[in-house]
Amino acid sequence: MASPERNKKILLDMVKQPSNDHCADCGAPEPDWASYKLGVFVCVNCSGTHRDLPAISQIKSIRLDFWDDFLVEFMKTRGNAAANAFYEKCVPPFYYRPQEKDCVVLKDQWIRAKYERREFTGENNSLQQVYSSGLYEGILWKKGKDNKQFLKRRFLLSETDFTLRYFTKEDSKKPKAVISMKDLNAVFQPEKIGHAHGLQISYLEGERTRNLFVYHDNSQEIVSCFNAIRATRFAYLKKVDPNARECDLVPLITRSSIKEGYMEKTGPAQWETFKKRWFVLNLTDRKMSYFKTSLDALELGAVFIGTEVHGYSVREVQPKGNRSGRWRFGVTLETPDRQFVFLCDQEQDQREWIEAFKLVISQPMLPQHYNTEANMRRMTK
């Protein structure tokens with residue numbers, strides 16, 4: 001007869017072992033759930049997708065549920081390391097492996113690709129062709145540049161010339177835009193876009209950031225599109241720097257901002273009224289862009305953020321006078337050219353922005369950052 005306490009102790013000891021102490025799918029620490037069909041330990045969030053795959057996975061809590069002896073013995077013969085060695089054997093280097101804080105659609109499709117479709121075991125490599133063939137074509141819903149309406153647009157991604165094109169009509173031959181892979185970025189933004197599968201594609205239009213907001217109703221299709229973009233970006237980076245190691249190129253494929261949100265800002269003279277703007281701070285290019293709203297297509301401006309040695313610093317400030325509205329939590333960013341004053345709605349936002357600025361300032365500048373700084377200074381003169 002199974003001993004609940006003994007089996008619980010065995011499972012709790014197992015989940016403390018290296019590799020088992022993080023979720024097998026997203027890496028979240030201290031997983032409390034396990035799939036007794038796959039032999040893996042997972043977090044509560046990933047366990048939801050596993051429950052949706054009853055033919056593939058069966059989930060139990062390692063703390064609250066009853067475990068039969070034979071299930072515990074099965075778990076002892078498996079574990080996260082052994083399972084991932086099989087199910088992740090052939091993951092392409094460009095394929096995005098979701099982390100704990102990533103959106104639901106990324107984690108859901110990663111789990112389904114691993115266990116349901118077995119895309120990475122070496123058995124079904126043909127399933128990877130949709131995002132790794134060097135050519136992707138699909139229909140996405142795209143937000144209008146000057147309005148909130150989403151319309152169907154045809155997108156064509158090609159590794160031949162490292163471009164992403166989109167067309168206003170499905171049968172159009174002339175693209176509305178031809179986007180180079182050089183500066184293209186893609187990141188999921190479901191909350192901002194208002195759709196669970198919302199994807200933001202950004203690139204440089206001249207010297208200003210241009211945003212495309214798109215989605216597809218099919219979760220597998222939008223994640224395949226995202227990974228097709230990553231595959232093409234990866235190929236582009238390898239062509240530009242053929243001697244670079246893959247592990248150095250992978251973090252450069254797509255980049256997530258370290259902080260986004262509304263703040264109020266004033267003009268260079270600092271006697272103007274504060275205006276509410278949406279700010280996006282990126283660590284990779286040390287650039288903070290700002291837009292009128294979170295869903296604006298074109299940036300209004302940008303600020304380069306260097307290091308303390310080069311004259312950049314940030315501090316908390318108490319706003320003076322009545323030029324601002326109700327936002328009272330100030331942030332001052334000092335640069336060699338001017339002082340920027342921003343106002344936050346909440347004290348927590350103020351703290352988070354200051355910490356984000358400090359993180360960028362603390363990182364050493366790379367050669368490409370000096371070029372970015374020089375170009376942005378030239379634009380403001």
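## Starting at H195

Let's begin with a pair of side chains: H195 and D217 are joined by a polar contact of 3.4 Å. Keep in mind as you look around that this is a predicted model.

Where does H195 sit? You'll find H195 in the loop that runs between helix α7 (190–193) and strand β9 (199–205). The side chain of H195 also has a polar atom 3.0 Å from the backbone nitrogen of H197. If you set aside the neighbours within four places in sequence, the residues in contact with H195 are P190, Y215, H216 and D217. So D217 turns up twice here, both in that contact list and as the partner in the 3.4 Å polar contact.

For a sense of distance, try A83. A83 and H195 are 112 residues apart along the chain, and their C-alpha atoms are separated by 33 Å.

## Strands β8 and β9

Now for β9, the strand at one end of that loop. β9 pairs with β8 in the antiparallel sense, over four bridges. One residue pair to look up is A186 and its bridge partner in β9, I201.

Are the residues of β8 (185–188) buried or exposed? They are all buried, and both faces of the strand are covered. N185 and V187 lie on one side, while A186 and F188 lie on the other.

## A three-stranded sheet

Next, have a look at an open sheet of three strands, which pair in antiparallel fashion and come in the order β2-β1-β3. Why do β2 (40–42) and β3 (59–61) each have one side without a neighbour in the sheet? Both strands stand at the edges with a single partner strand each, so nothing in the sheet flanks their other side. From one strand to the next, the twist averages 30°.

Take β1 (residues 33–35) and β3: these two pair over three bridges, in the antiparallel sense. Within this pairing, W33 stands opposite S61 of β3. There's also a helix to spot here: α2 (residues 44–51) packs on the sheet and touches β1, β2 and β3. The direction of α2 makes about 120° with that of β2.

## What the record says

Finally, a word from the database. An unreviewed UniProt entry carries the annotation "domain: Arf-GAP" for residues 8–128. Over residues 8–128, the chain is 37% helix and 7% strand. The C-alpha atoms at the two ends of that stretch are 39 Å apart.

Notes. Residues numbered from 1 in each chain as written. Predicted model: local features only at pLDDT ≥ 70, side-chain atom pairs only at ≥ 80, totals over all residues. Heavy atoms only, no water. Pairing = 2+ DSSP bridges. Axes fitted to C-alpha atoms, helices over the stretch in contact; angles between N-to-C directions. Contact = heavy atoms within 4.5 Å. Polar contact = N/O pair within 3.5 Å; in protein donor to acceptor, adjacent residues only side chain to side chain. UniProt positions renumbered as here; feature names shortened; annotations may be inferred. Buried < 20%, exposed > 50% of the residue type's maximum accessible area, 1.4 Å probe, protein only.
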